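Work through the following exercises with the sequence and the model side by side. Each task is followed by a solution that goes step by step.

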Amino acid sequence: MTPVHFSFSSAFILGLMGLAFHRTHLLSALLCLEGMMLSLFIALSLWALQLDATGYSTSPMLLLAFSACEASAGLALLVATARTHGTDRLQSLNLLQC
């Protein structure tokens with residue numbers, strides 16, 4: 001494994017571990033998701049450049065578009081949660097209480 005692949009793999013794993021183990025605020029969960037998506041975007045871009053194929057060059061842009069949609073939906077949920085509950089802490093959210 002090259003150092004470039006190792007760095008992007010470790011960035012993805014660190015984002016995943018942060019999402020799994022550090023679940024106190026919704027904003028920190030969204031930042032971990034964005035870090036994971038950024039590492040996937042850069043890895044896909046480098047993969048398309050290394051293969052030197054133009055057919056694979058659209059997949060990083062498609063991933064980036066979905067990442068932007070995910071970020072906007074996450075921020076909308078963050079604002080809605082902060083308005084209704086007064087905080088973005090995940091412990092204050094209860095799925096059984098509507």
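**Exercise 1: the third helix**

Task: find which residues of α3 are buried, and then what covers them.

Solution. The buried residues of α3 are P60, L63, S67, G74, L78 and T81, where buried means under 20% relative accessible area, exposed means over 50%, and partly exposed lies in between (1.4 Å probe, protein chains only). Helices here are DSSP runs of H or I with at least four residues, strands are runs of E with at least two, and both are numbered from the N terminus. The model is predicted, so local features need pLDDT of at least 70 and side-chain atom pairs count only at pLDDT 80 or more, while totals for chains, interfaces and linings use all residues. Residues are numbered from 1 along each chain as its sequence is written, and side-chain values use heavy atoms, with hydrogens and water left out. As for the cover, what lies over the buried residues of α3 includes α2 (26–51), contact being counted when heavy atoms are within 4.5 Å.

Task: compare the span of α3 with the expected value, and say what follows the helix.

Solution. Helix α3 covers residues 58–85, which makes 28 residues. The expected span of a helix is 1.5 Å times one less than its number of residues. From its first C-alpha to its last, α3 reaches 40 Å, close to the 40 Å expected. After α3 comes G86, whose phi is positive, near 85 degrees.

Task: decide whether T81 and A71 are buried or partly exposed.

Solution. T81 is found in helix α3, and it counts as buried because its relative accessible area is 12%. Leaving out residues up to four places away in sequence, T81 touches L26, G86, T87 and L93. A71 is also placed in helix α3, but A71 counts as partly exposed because its relative accessibility is 23%. The C-alpha atoms of A71 and S9 are separated by 21 Å, although these residues are 62 places apart along the chain.

**Exercise 2: the second helix and the loop after it**

Task: check the span of α2, list its buried residues and name the helices they pack against.

Solution. The 26 residues of α2 should span 38 Å at 1.5 Å a residue, and this agrees with the model because the end C-alpha atoms are 38 Å apart. In α2 the buried residues are L26, S28, A29, L30, C32, M36, M37, S39, F41 and A48. These buried residues pack against α1 and α3. Following α2 is D52, whose phi is positive, near 55 degrees.

In the loop between α2 and α3 one finds S57, which counts as partly exposed because its relative accessibility is 38%. S57 and F41 are 16 residues apart along the chain, and their C-alpha atoms are separated by 11 Å.

**Exercise 3: the first helix**

Task: find what I13, L14, M17 and F21 make together, and how I13 is classed.

Solution. I13, L14, M17 and F21 make a nonpolar surface patch of about 460 Å². I13 is found in helix α1 (residues 3–21), and it is classed as partly exposed because its relative accessible area is 45%.

Task: place L16 and V4 in the same way, each with a distance to another residue.

Solution. L16 is in helix α1 and counts as partly exposed because its relative accessible area is 40%. The C-alpha atoms of L16 and L33, 17 residues apart along the chain, are separated by 7.7 Å. V4 is found in helix α1 too, and V4 is partly exposed because its relative accessibility is 41%. From V4 to H25 there are 21 residues in sequence and 31 Å in space, C-alpha to C-alpha.

**Exercise 4: the record**

Task: which residues does UniProt list for "transmembrane region"?

Solution. The unreviewed UniProt entry lists residues 6–22, 29–49 and 61–82; its positions are given in the numbering used here, feature names are shortened, and annotations may be inferred rather than shown by experiment. In the model, residues 6–22 are 94% helix and 0% strand, with end C-alpha atoms 23 Å apart. Residues 61–82 are 100% helix and 0% strand, with end C-alpha atoms 31 Å apart.

Conventions: Patch = residues over 30% accessible without salt bridge, like charges linked within 9 Å, V, L, I, M, F, W, Y side chains within 5 Å. Areas by Shrake-Rupley, 256 points an atom, 1.4 Å probe, with all protein chains shown as cover. Salt bridge = Lys/Arg side-chain N within 4 Å of Asp/Glu carboxyl O.
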